[in-house]
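The exercises that follow are to be worked with the sequence and the three-dimensional model at hand. Each task is followed by a solution in steps.

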Amino acid sequence: MAPLTDLSNVRTTVEKANGLPNAHYIDAGVYEEEKRALLFSQWAGLSVASDVPEAGDAVPLELLEQPLLVIRGKDGDVRVFHNICRHRGMILVEEPRKIEGAIRCPYHSWCYSTKGKLVSTPHVGGPGHNTHDAIKRDDLGLIEVRSHVWRDVVWVNLSGDAPDFEDVNADLIARWADFDLPLYHGGDDSKFTLEVKTNWKLAVENYCESYHLPWIHPGLNSYSRLEDHYHIEKPGSYSGQGSTVYRQLKAEDGATFPDFPEAGAKWNEQAEYIAVYPNVLLGVQRDHAFAIILEAKGPEKTIEHVHLYYAVPDTDRALRQRNSVQWQDVFEEDIFVVEGMQKGRHVEQFDGGRFSPVMDSPTHCFHDWVASKVETYRALNKAAE
Amino acid sequence: MSDLNARMIAAHAQDDTPGLIRLYTQAADEANSLDAACFFLTHAYVFALESGAAEATALRARLIAHNREQ
């Protein structure tokens, strides 16, 4: 079978490359392919651990229509399971809630511990007989999805066969070692979602380059000019941009958020904004950080889940709210761009576009990663035919 | 039993888990066969297990004693 798209012009130098073909943004077949090549088989961002702060807290979610359950066990560890019973595949948890004892399937009441162990199979051997030789509880626990928590983001590898998270992201973890410090989610006023009519990849592409900043975020021009930014590129792993003139938000009395202790003077005026492939956008600054998880809801719809973090658990509420509003304003300024590019992908003659060899290399870095993963996936499928 | 049955239905309707544990245990105690008793004990146990109620330990022990649980 011929490949769904021709990626030969993507995987070349930025001077010569075209962007990904239209089908990667609008075609259901390519979306299905990318679902496996880019999200299920990699370490994808699912949610944040702060959503399950206490033991027993459970949140049902979907990753590309796959029902998953994020739960903090009684041991304090966050785990991710398929949110279905091993008996009849019934959804176990419909709404976020606290599991006080065991997870009981609402259908026939098979029960699981918060670590996923099958602990009760009522009437499985007939009325009042709760065991049967054929039902080995040790073999029928909830299916756990490989997960890893870093910077509060819960990352999952659905296929189970990606290299370890810390190996895949070793370079970024080392790059931001200064910020390997406790993060405190700002709470309900420090999270918001944006529903955007775009393919999730366009949100990545827009985030990781600084080229658009003076045009789309003119408010930055007075203190953070284009020349104050630098590219960040790690082929195969991440790309983004940095700023050398980070300016702290100040309250009327001049107060600022407390710094991350020990982050170091290097970060006094420096900040970095990195897209961790596939779908997580992170930002670090001396006094706060953020994580954006891009939830793909089809080829042309994305929900952006934004979370803001601070260096201490208790920050000034008014200043925190101002910060949330400020970031929301910035991210909303990007919406017409990513929605406009999405509409543009319906022009059949569009060739994927050409890049600025100087300004667009972080985006090209992402396209190269997408193309390489899709080509690897196609090659594996072809070999299996 | 019909009164007990009505109270069980009411407890189900109100999601009254402590009530369900208590009423199913009572039904088990009043049952006239081992199978019927274990049927009700199973329900009491499952609701105790789900809610993290202390009764779960004793209910499980009763089921194990009759070789109905592991």
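Two strands pair if DSSP finds at least two bridges between them. Helices (H or I, at least four residues) and strands (E, at least two) are DSSP runs, numbered from the N terminus. The model is a predicted one, in which local features need pLDDT of at least 70 and side-chain atom pairs count only at pLDDT 80 or more, while totals for chains, interfaces and linings use all residues. Residues are numbered from 1 along each chain as its sequence is written, and chains are lettered from A and ligands numbered from 1 in the order in which they are written.

**Exercise 1. The hairpin of strands 9 and 10**

Task: Determine how strand 9 and strand 10 of chain A pair, and which residue in strand 10 stands opposite R146(A).

Solution.
Step 1. Strand 9 (residues 144-150) and strand 10 (residues 153-157) of chain A are antiparallel and share five bridges.
Step 2. Within this pair, N157(A) of strand 10 is the residue opposite R146(A).
Step 3. Two residues separate the strands, which form a hairpin; in its turn, R151(A) has a positive phi of about 55 degrees.

**Exercise 2. The seven-stranded sheet**

Task: Give the order of the strands in the open sheet of seven strands in chain A, and trace the pairings of strand 4.

Solution.
Step 1. The order in chain A is 1-10-9-4-3-2-5, with antiparallel pairing.
Step 2. Strand 1 (44-48) and strand 5 (97-98) of chain A are the edge strands, each pairing on one side only.
Step 3. Strand 4 of chain A is joined by five bridges to strand 3 (residues 66-72), and the two run antiparallel. Here L68(A) has H82(A) as its bridge partner in strand 4.
Step 4. Strand 4 of chain A is also joined to strand 9, by two bridges and again antiparallel. In this pairing V80(A) has V145(A) as its bridge partner.
Step 5. A general point applies to such strands: in a regular strand the side chains alternate between the two faces of the sheet.

**Exercise 3. The surroundings of F81(A)**

Task: Is F81(A) buried or exposed, and which residues does F81(A) contact beyond its neighbours within four places in sequence?

Solution.
Step 1. F81(A) belongs to strand 4 (residues 78-82) of chain A.
Step 2. A residue is buried if 20 or more other C-beta atoms lie within 10 Å of its own, exposed if 12 or fewer, and partly exposed in between, with C-beta atoms placed from the backbone. F81(A) counts as buried because 24 C-beta neighbours lie inside 10 Å.
Step 3. Two residues are in contact if their C-beta atoms, placed from the backbone, lie within 7 Å. Outside the four-place window, the contacts of F81(A) are L68(A), L69(A), I71(A), G116(A), L142(A), I143(A), E144(A) and V145(A).

**Exercise 4. The three-stranded sheet**

Task: Which strands stand at the edges of the open sheet of three strands in chain A?

Solution.
Step 1. The strand order is 6-7-8 in chain A, with antiparallel pairing.
Step 2. Strand 6 (103-104) and strand 8 (118-120) of chain A are at the edges; each has a single partner strand, so one side of each lacks a neighbour in the sheet.
Step 3. Strand 6 of chain A is joined to strand 7 (residues 111-112) by two bridges, and I103(A) has Y112(A) as its bridge partner in strand 7.

**Exercise 5. The two domains of chain A**

Task: Locate the domains of chain A and describe the contact between them.

Solution.
Step 1. Domain bounds come from an automatic or database domain assignment; for chain A it gives domain 1 (23-41 + 163-373) and domain 2 (45-150).
Step 2. The C-alpha centres of these two domains of chain A are 32 Å apart.
Step 3. Domain 1 of chain A contributes 10 residues to the contact, and domain 2 of chain A contributes seven residues.
Step 4. On the side of domain 1 that touches domain 2 in chain A, strand 17 gives the most, with three residues.

**Exercise 6. Chain B against chain A**

Task: How many residues of chain B are in contact with chain A, and which element of chain B gives the most?

Solution.
Step 1. The contact joins 15 residues of chain B to 15 residues of chain A.
Step 2. Helix 3 (34-51) and helix 4 (55-65) of chain B each give two or more residues to this side of chain B.
Step 3. Helix 3 of chain B gives the most, with eight residues.
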